[in-house]
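Student: Could you take a close look at the aromatic rings in this one and walk me through how they pair up?

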Protein chains: 2
Amino acid sequence: MADPEAVGKAFLQYYYQLFESNRAGLANLYQEGSMLTFEGQKFQGTQAIVAKLAALPFNQAKVNPTSMDFQPSVAGGIMVFVTGSIQTEGESNALKFSQVFHLMPVGQSFVVTNDMFRLNYG
Amino acid sequence: MADPEAVGKAFLQYYYQLFESNRAGLANLYQEGSMLTFEGQKFQGTQAIVAKLAALPFNQAKVNPTSMDFQPSVAGGIMVFVTGSIQTEGESNALKFSQVFHLMPVGQSFVVTNDMFRLNYG
């Protein structure tokens, strides 16, 4: 299978680039069975997930990963684990966060089947 | 399948109880294909994983999860995502951490196929 680290890094670069400036564009990375748990709130399916992400109270943000870990999954996919900080427009302080993705291959690409996001409050 | 939240919470209670005072006892939660990425260092298989965990430079610790998220995985297992703090003996300050597990059912129980751990440095 594809190298988990190479695929995972390319995915994160693409994902956070969209997250920073065009969250509606994340729709093509999810599918109907995809699950998002965002700060404990649960969403399922592309439409519900992207509606939540698009409704976050900022337009622009800058995501700075400080660690990125990757492992192959027993399903033939890739587990991705990120810690880092996010600076949203209008906020003076960056917020620390952790995020987990499970990616599954679909055709020549990958989709997010699982996504869990938490801010790590100081 | 089993309720991810109920299974996940019971798993975390059992896991961290062993982690706090008897890390060698974690051996029966891993198997040969299990993977651990601990602060970026990779280990595979029960023996290598438990050797790493047992060699951490403290005997006792107290783990305080502040968030626990659970999702079913496409493999029929459970994804577990924890953020919290860990206080080790001899350290005056608790350290914040994040950890991800993927659990798979084996017989009447569950094993850890994937484990990724990061400290979140302030």
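Tutor: Sure, here's a walk through the ring pairs, then the charges over rings, then the pocket.

Some ground rules: this is a predicted model, where local features need pLDDT of at least 70, side-chain atom pairs count only at pLDDT 80 or more, and totals for chains, interfaces and linings use all residues. Residues are numbered from 1 along each chain as its sequence is written, chains are lettered from A and ligands numbered from 1 in the order in which they are written, and side-chain values use heavy atoms, with hydrogens and water left out.

Over all chains, the structure has 21 aromatic pairs. To pair, rings of Phe, Tyr or Trp (its six-membered ring) need centres within 6.5 Å; planes under 30 degrees apart are stacked, over 60 edge-to-face, and the rest tilted. Take A:Phe38 and A:Phe117: their ring centres are 4.6 Å apart with planes at 0°, so this pair is stacked. A:Phe38 belongs to strand 1 (residues 30-38) of chain A and A:Phe117 to strand 6 (residues 109-119) of chain A, so the pair ties together parts 79 residues apart in sequence. (Helices, H or I with at least four residues, and strands, E with at least two, are DSSP runs numbered from the N terminus.) A:Phe38 is buried at 10% relative accessible area, and A:Phe117 is buried at 6%; buried means under 20%, exposed over 50%, partly exposed in between, using a 1.4 Å probe and protein chains only.

Now for chain B. The rings of B:Tyr16 and B:Phe97 have centres 6.1 Å apart and planes at 70°, so they're edge-to-face. Here helix 1 (residues 4-21) of chain B supplies B:Tyr16 and strand 5 (residues 95-106) of chain B supplies B:Phe97, so the pair ties together parts 81 residues apart in sequence. B:Tyr16 is buried at 7%, and so is B:Phe97 at 1%.

Back in chain A, ring pairs link up a cluster whose members include A:Phe11, A:Tyr15, A:Phe38 and A:Phe117.

Charges get in on this too. The charged end of B:Arg23 sits over the ring of B:Phe58, 4.3 Å from its centre, and over that of B:Phe19 at 5.9 Å; the cut-offs are NZ of Lys or CZ of Arg within 6 Å of the ring centre and within 35 degrees of the ring normal.

B:Phe58 turns up again at the largest pocket, as one of the lining residues nearest its centre. A pocket is an open set of points on a 1 Å grid over the protein atoms alone where a 1.4 Å probe fits, with protein on both sides within 12 Å along at least five of seven lines; lining residues have an atom within 4 Å of a point.
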